[in-house]
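Colleague: Could you walk me through the metal site and the charged pairs in this one? I would like the reasoning along with each answer.

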Amino acid sequence: MVRFEDVATNYGTGPDILHAVSLHLSPGSFHFVSGPSGSGKSSLLRLMYLANRPSNGRMTLFGRDVEGLTRDERAMLRRRIGVVFQDFRLLKHLSVAENVALPLRIAGRREDKIREHVTELLAWVGLADHFDDLPATLSGGQQQRVAIARAVIGQPSLLLADEPTGNVDDRIAVRLLYLFEELNKLGTTVVIATHNQALVSRFSHAVLALGEGTVRVEPPPDSKARDAAEGSMA
Amino acid sequence: MRRRPADVPLAKDVSDRFLPWLVAFMVYFVALAVISATTMHKLVERWDKGLSGQLTVEVPPPGPGVSETERRGRIDRVVQILNRTIGVEEVALYGAEEIAELLEPWLGAGLAEQDLPLPEMIAVTIDTEAPPDLAVLAEQLDEAVPGTLLNDHKRWLGKFLDLARTIQIFAGAIVLLVGSIAVMAVVFVTRTGLSVHREVIEILHLIGAHDPYIARQFQRHALALGLRGGAIGSVFALATILAIGQVLGPVESALPPVLSLSAAEWGLLVLLPIVTAAVAMVTARLTVLGTLTRMP
Ligand SMILES: Nc1ncnc2c1ncn2[C@@H]1O[C@H](COP(=O)(O)OP(=O)(O)OP(=O)(O)O)[C@@H](O)[C@H]1O
Ligand SMILES: [Mg+2]
């Protein structure tokens, strides 16, 4: 699904933010991306949703080398990726429903299907009453849920969420993570960046731990325990 | 859901306010330029037709001290030649009053009373089907009375045709100039829009929009602006033409009724905004696609 081989990234002519990143996310996997603020979580996700190009190394997405993709091919790949941006990136002039509808509209889906899906998803994230509201009239947590609804409406194969629980209380955060797990069970590969360590340890998923400008891949805790147990038995 | 706004909120841009007026201005000028050129053409054609059967012969005034009998003799010689010539249908002498009237604009009123030596003018109607050889006729007249001129109006009509042609070329140049200014304005406005809405466009790209989708937003906007501005321009052009018609109304009995619009001119007024809007739309599309392709 996603494969990095010795990937480095920077912004413009700046220094490398990340270097020597090698990882593989298999289809249907669930990963957290953890690390302190400024460690490059967002930068790692930006590579995955093709907003930045690797300055070094090789990166493949859905089995395609991202280097040398045409603009149209990039657009087509992006339609298979749902992104929850750290700053939401809702379109201010569009209603909640229109924001959520965008991916389907871009994919050229039928208007009645779009309406049906949007209604369904807004109910799913608990915003059925805010259909026609402008994003600016919503709280941070509500906007975040609009962003989540927009990210998942196109039933993406890969979901990249950057601090999707940053603006909600723990109870809603846990509920949202259950939603992501549901999607994951339906086959979506999920990557969630968060600096909420409590949340990471509450769910047992693999972790891409960022530090010192690179990524350490930690397997899920239970498999770690299992590995450890297997190790002691041997 | 409410009426769906565009994904890229171009309608709130400044361009939305100034571009339609720019387009209106341009359509107005193109419409007037083209219509004045065609009107000019019509005028010339009409005069050409009306005048081609008419010649004027101008016999110069005799020198001082020439007797009345001799003066008459000179004119008789000319009239005789004219009457003899095959193809000449009618020969009529202008009276002194008429000549004075004809020359009044140049020489002032009260000519008839003064003792100025005036040329004699003879109006000649020729058979346009079988006209005489005018060059030969002119030579004969000059031989009979030296200095006699045969004026077939072609000379100044030719000047007039030149003027009409110049106006047409001018109108064509205006169309080209205005067209390219319009295209440049749309390119500029579209580029500005792309840069003002960079963020929205980036978001659309990130959720999978390909360039034609983005271009469509700008196209629609340019089409709407073009139609709006073009319609305003056409309406103003029509109003101007009608107003000129009103002002010239009293004179119009003398002039041919050229200021009534032909079907082609009505067509122009309707078609011009549509063509302009279509050009604006295509320009916006190509600008967006071209600019985006150059982006990383
Ligand atoms: N657009 C940018 N231009 C230049 N440098 C940037 C840009 N965005 C991020 N950086 C730099 O890259 C580094 C990593 O930033 P990044 O946003 O990836 O961290 P993060 O782990 O997501 O942080 P946070 O938890 O605060 O969201 C930081 O040092 C930051 O200064
Ligand atoms: Mg971040």
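Modeller: Gladly! First a term we will need: a residue is buried under 20% relative accessible area, exposed over 50%, and partly exposed in between. Please keep in mind that this is a predicted model.

Colleague: Thanks! Is A:D65 buried, exposed or partly exposed?

Modeller: A:D65 pairs with A:R58 in a salt bridge, with the closest N and O atoms 2.9 Å apart. A:R58 has 40% relative accessibility and counts as partly exposed. For A:D65 the value is 26%, so this residue is also partly exposed.

Colleague: And which residues coordinate the magnesium ion (ligand 2)?

Modeller: One donor is in helix 1 (residues 41-48) of chain A, and the other is in the loop between strand 6 (81-84) and helix 3 (96-106), so parts 44 residues apart in sequence are tied together. Both donors sit at 1.9 to 2.2 Å, and they are OG of A:S42 and OE1 of A:Q86.

Colleague: How far apart are the closest N and O atoms of A:E98 and A:R105?

Modeller: Both of these residues, A:E98 and A:R105, are buried. They form a salt bridge, and its closest N and O atoms are separated by 2.4 Å.

Colleague: Over in chain B, which residues are joined into one network by salt bridges that share partners?

Modeller: Start with B:R72 and B:E68, whose side chains meet at 3.5 Å, N to O. They are 4 residues apart in helix 2 (residues 68-84) of chain B, so about one helical turn separates them. Shared partners extend this to a network of B:E68, B:R71, B:R72 and B:E120.

Key:
Residues are numbered from 1 along each chain as its sequence is written. Chains are lettered from A and ligands numbered from 1 in the order in which they are written. This is a predicted model: local features need pLDDT of at least 70, side-chain atom pairs count only at pLDDT 80 or more; totals for chains, interfaces and linings use all residues. Side-chain values use heavy atoms; hydrogens and water are left out. Donors are N, O and S atoms within 2.8 Å of the metal (3.2 Å for Na, K and Ca); water is not among the atoms, so sites may look incomplete. Helices (H or I, at least four residues) and strands (E, at least two) are DSSP runs, numbered from the N terminus. A salt bridge is a side-chain nitrogen of Lys or Arg within 4 Å of a carboxyl oxygen of Asp or Glu. Buried means under 20% relative accessible area, exposed over 50%, partly exposed in between (1.4 Å probe, protein chains only).
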